[in-house]
Amino acid sequence: MREGRHEHKGRHGHMEHREGRGHGHEDKKTRFHSAQTFRRGRAVAFLERLNVKRSTLASQLEQPEYESIKQVISGELKATDAIIQEFIHTFELFEVFTESEEKEEKPDGEEKKDDKN
């Protein structure tokens, strides 16, 4: 009986067994792309949170109740700006940053409209 099992393994080698699982390296590419997209999405979400914090600090600078700590808030705003710039550069999120700038420039949260209409 043992010899029969051994012969069975010999007919179906390790490589043949692995090849039967799917598309080989194509699955790895798909998984890598999915993981890369997922990580980029998380980076974009974190950048959006940083921009919310930046907006909060900027609005606090204009509020009279924060007058006594205006220098501290200003320092935090500058530090947040530096972190945002470094984050954008590190994760190559330049297009995301320009889109968020365009939204901030529009009053009352209006979206930029196409000139083609």
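Is phenylalanine 91 buried, partly exposed or exposed? I began my notes with this residue, and found that phenylalanine 91 has a relative accessibility of 44% and so counts as partly exposed. I keep in mind throughout that the model is a predicted one.

**Entry 1: aromatic rings**

I searched the whole structure for aromatic pairs and found two. In one of them, phenylalanine 46 and phenylalanine 87 are tilted, with 5.2 Å from centre to centre and 55 degrees between the planes. Phenylalanine 46 belongs to helix α3 and phenylalanine 87 to helix α4, so this pair ties together parts that are 41 residues apart in sequence. I then looked up how far each ring residue is covered: phenylalanine 46, at 33% relative accessibility, counts as partly exposed, whereas phenylalanine 87 is buried, with a relative accessible area of 14%. Phenylalanine 87 also pairs with phenylalanine 91, and this pair is again tilted, at 4.6 Å centre to centre and 45 degrees between the planes. Here the partners are four residues apart in helix α4, and about one helical turn separates them. I therefore note Phe46, Phe87 and Phe91 as a cluster linked by ring pairs, a reading that follows from the rule that ring centres lie within 6.5 Å.

**Entry 2: helix α4**

I compared the span of α4 with what its length predicts: its 22 residues should cover 32 Å at 1.5 Å a residue, and the end C-alpha atoms are 31 Å apart, which agrees. Which residues of α4 are buried? I listed Ile73, Leu77, Thr80, Ile84, Phe87 and Ile88. Looking down the axis of α4, I found these buried residues within an arc of 95 degrees, so they line one face of the helix. The general background is that an α-helix has 3.6 residues a turn, so residues three or four places apart point the same way. On the other side of α4 I noted the exposed residues Gln71, Lys78, Glu86, His89 and Thr90.

**Entry 3: nonpolar core**

I next looked up the largest nonpolar core, which has nine residues: Ala43, Val44, Leu47, Leu50, Ile84, Phe87, Ile88, Leu93 and Val96. Both α3 and α4 supply at least two residues of this core, and the largest share, four residues, comes from α3. For valine 96 I checked contacts beyond its neighbours within four places in sequence, and found Arg40, Val44 and Leu47.

**Entry 4: salt bridge**

How many salt bridges are there? I counted one, formed by arginine 54 and aspartate 81, whose closest N and O atoms are 2.5 Å apart. Arginine 54 lies in helix α3 (residues 25-61) and aspartate 81 in helix α4 (residues 70-91), so the bridge ties together parts that are 27 residues apart in sequence. Arginine 54 counts as partly exposed at 26% relative accessibility, and aspartate 81, at 26% relative accessibility, counts as partly exposed too.

**Entry 5: the residue after α4**

Where does glutamate 92 lie? I placed glutamate 92 in the loop between α4 and α5 (94-105). Just after α4, glutamate 92 takes a positive phi of about 50 degrees, although glutamate 92 is not a glycine. With a relative accessibility of 56%, glutamate 92 counts as exposed, because the cut-off for exposed is over 50%.

Technical notes: Residues numbered from 1 in each chain as written. Predicted model: local features only at pLDDT ≥ 70, side-chain atom pairs only at ≥ 80, totals over all residues. Heavy atoms only, no water. Salt bridge = Lys/Arg side-chain N within 4 Å of Asp/Glu carboxyl O. Buried < 20%, exposed > 50% of the residue type's maximum accessible area, 1.4 Å probe, protein only. Expected span 1.5 Å × (residues − 1). Arc of directions from axis to C-beta. Core = buried A, V, L, I, M, F, W, Y, C linked by side-chain atoms within 4.5 Å. Contact = heavy atoms within 4.5 Å. Phe/Tyr/Trp six-rings, centres within 6.5 Å; stacked < 30°, edge-to-face > 60°.
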